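Q: I'd like to zoom in on one part of this model and skip the grand tour. Could you start from a single pair of helices and then work outwards into what surrounds them in the chain?

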Amino acid sequence: MGSLSFFRQMLQDVRQQKLRTALTVLGITWGTVSVSLLVAFGEGLEARIRANQRGLGENIVIAWPSRTSLPWEGLGKGRRIRITEEDVEALRREIPQARFSGEMSRENSTFRRERVRITPEVSANSPIFAAMRNIIPAAGGRYVNDLDLDRRRRVVFLGDKLKQDLFGDQEAVGQTVMLDNVPFLVVGVMEKKAQDSSYSGRDEGKAFIPDATFRGLFSERYLENFIFQAHDASATPDVTRKVYEVLARRHKFDPADKEAIGMWDTSEAEKFFAIFFGTFRAFLAIIGSFTLVVGGIGVSNIMYVVVEERTREIGVKLAVGAKPAWIQRQFLAETLTLTAVGGVCGMLVTFGFLAVFPLLGLDEYVGTPQASPLVIATTTALLGVIGMIAGWFPARRASLLDPVVALKLA
Amino acid sequence: MDKLIELRDVRKVYSTGRLEVQALRGLDLEVGRNEYVAIVGPSGSGKSTLMNILGCLDTPSSGSYTLSGEAVAGLDRNRLAEIRNRHIGFVFQSFNLLPYATALENVELPLLFAGVSAKERRERAAAMLDRVELGDRMEHKPTELSGGQMQRVAIARALVNRPTILLADEPTGNLDSASGKAIVSLFEELHAAGQTIVLITHDSGIAKLASRVVRVQDGQIVEDVRAAA
Ligand SMILES: Nc1ncnc2c1ncn2[C@@H]1O[C@H](COP(=O)(O)OP(=O)(O)OP(=O)(O)O)[C@@H](O)[C@H]1O
Ligand SMILES: [Mg+2]
């Protein structure tokens, strides 16, 4: 009478209650699929949106020089503030806990290659710009580097879509394109990235050149904007305050004048997403759990029937010396086995679905739901808890039976 | 003679709704080692009630029960389970075998709860089935056995853990007379080998074979006759 007969007893129960057992297992399967798919979709969507977020850069702040809105030390309001590369140098010197890059741009310069003519946005900036904005060169290429800056080289890094428009499927790196009739060497092409927010068009359609080259070519002094990124995201508000202080001192405006320099702190969105997705995930998990709880009630129900039907057998076992705990363990194990079978079926259905899902081509919109460890852990934990609770009550009832009553002797 | 069983002023009251049934009304009984006691009496007199109490399947409403020197009243469910396992072998009128288990597995059951290893369980259960002459039926399920064979499996199960006493409530009640006789002679052999037996029977022929006949009526012992040895 070892484990063999435990399974035989269970098979016996299953045979006697075929339909009911099947429906019960189905309930657990359905619950498992709901929980795991909901959590998987939640995660996939979150990963998708975060990837889009990252496309712009992680926790960066974009700053635009504008006009003063407060009088300061005898100077009136409405004064235009213009920022130069020297200001950015000063910020780098005085605020070591962040990195900075200025950006100049043009939208009226034409690229020409063979018969193709395009007028994209040209962004001129420094090498760290790429790192801050998650612009990654595809294999075989590189971004603008310090040497390009020092020597004012005429090199260009192309957004992947712009490259496609200019070169099609041909190799671009090492080729020359004409920018307003000046030849530029293509040094790299951007790796395709997801980006859903921007402040001047997506990076995929832009051309990036060294800012020193740009200044020489277009005799431009002033930056269109600059971006910065605190080394530790939590220091962003502190860094922002210091940026206002440094620039206010250099340009003589009120450091409290937020309109003099407009700022967009993308880490604000990050905070929002953290809360939003925390809630979203909990919400999905709760909805899924309810389905699973309903399945659990089904299991509990069938176990009550099983206990009822096996009352006499329980009586026999008690009569020959089974302790209540043994009886309880037996029914608990049986419930957990039923739950586990349902759970495994549910997981298989989920895995199958997740394997097929990417073929539907919806990942761009809802992300790619994955059976991540979190999904599996959440579902397994829920199944375990529900199985334990579902089995506990019938098993307890069985173990508390009176031998005489169970044997129907009284 | 050591006393294995000692009942003192045992009462059992069943209350069903407004009605109270006094199944046992102050019953005293002592059973010594190696006695073979037949309990007889009219239907509804309280024999089964008495037997269930002796077997620790039920508890008296009042009075004391001492089994092998241990006071049974007030013991918890776990201790009662141990007593049933170690001291008592119970044979029922309706066999009460597990339907899906083989004869061997049924006989192993008490050893399982006694914590005996699988190998030893198998050996002892097989030996016991041999003892009741069912060595060739070990892998049979109850439905594949005759009534008499089922009852012999039940007796093997009752004896496998070497109980202090063997209790049997009308063990031949569901059997034809030939099978019944075989069971009765098995009981006689067991008694001869030293087993203490308490048995309920309606059959005066069977009762005559016992070393002592206790007559119960209206929940009381009205007659207690020891056969001249
Ligand atoms: N669970 C119960 N609830 C109420 N009354 C009961 C219960 N069990 C037994 N009785 C009553 O107790 C009395 C004794 O019953 P018991 O089963 O001990 O009789 P018995 O001597 O074994 O009878 P029989 O020879 O027919 O088996 C009877 O009057 C019976 O109706
Ligand atoms: Mg009876």
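Which way, left-handed or right-handed, does helix 3 of chain B cross helix 5 of chain B?

A: Right-handed: that's how helix 3 of chain B passes helix 5 of chain B. Bear in mind that this is a predicted model.

Let's stay with that pair for a moment. Helix 3 of chain B covers residues 103-113 and helix 5 of chain B covers residues 147-159; the two pack at an angle of about 30 degrees, and their axes are 7 Å apart. Angles under 35 degrees count as roughly parallel, so helix 3 of chain B gets that label relative to helix 5 of chain B. On the helix 3 side of chain B, the touching residues are B:Ala103, B:Asn106, B:Val107 and B:Pro110. Helix 5 of chain B answers with B:Val153, B:Ala156 and B:Arg157. Sorted by class, that contact has 5 nonpolar residues, 1 polar and 1 charged.

Moving outwards, chain B also has a mixed sheet to look at. This sheet is open and has 6 strands, in the order 6-7-8-3-9-10. Strand 6 (88-91) and strand 10 (220-226) of chain B sit at the edges with a single partner strand each, so each of them has one side with no neighbour in the sheet. From one strand to the next, the twist averages 15 degrees. Inside that order, strand 3 (residues 36-40) of chain B runs parallel to strand 9 (residues 212-217) of chain B, and 4 bridges link them. If you want a spot to click on, B:Ala38 has B:Val213 in strand 9 of chain B as its bridge partner.

Helices pack on this sheet too. Helix 1 of chain B touches strand 3, strand 6, strand 7 (165-169), strand 8 (196-200) and strand 9 of chain B, and its direction makes about 150 degrees with that of strand 8 of chain B. Helix 6 (residues 177-192) of chain B touches strand 3, strand 7 and strand 8 of chain B, also with a direction at about 150 degrees to that of strand 8 of chain B.

Helix 1 of chain B is worth following a little further. Spanning residues 47-54, helix 1 of chain B also lies across strand 1 (3-16), strand 2 and strand 4 of chain B. Relative to strand 1 of chain B, helix 1 of chain B runs at about 125 degrees.

That takes us to another sheet in chain B. It is an open, antiparallel sheet of 4 strands, ordered 2-1-4-5. Its edges are strand 2 (19-32) and strand 5 (70-71) of chain B; each has a single partner strand, so one side of each is without a neighbour in the sheet. At one of those edges, strand 4 (residues 62-67) of chain B pairs with strand 5 of chain B in the antiparallel sense, over 2 bridges. There, B:Leu67 has B:Glu70 in strand 5 of chain B as its bridge partner.

So, putting helix 1 of chain B back into the picture: strand 8 is among the strands it touches in the sheet ordered 6-7-8-3-9-10 of chain B, and strand 4 is one of the strands it lies across in the sheet ordered 2-1-4-5 of chain B.

Methods
Residues numbered from 1 in each chain as written. Chains lettered and ligands numbered in written order. Predicted model: local features only at pLDDT ≥ 70, side-chain atom pairs only at ≥ 80, totals over all residues. Heavy atoms only, no water. Axes fitted to C-alpha atoms, helices over the stretch in contact; angles between N-to-C directions. Parallel < 35°, antiparallel > 145°, perpendicular 65-115°, else oblique. Left-handed = near helix turned anticlockwise from the far one by under 90°. Contact = heavy atoms within 4.5 Å. Nonpolar A, V, L, I, M, F, W, Y, C, P; charged D, E, K, R; others polar. Pairing = 2+ DSSP bridges.
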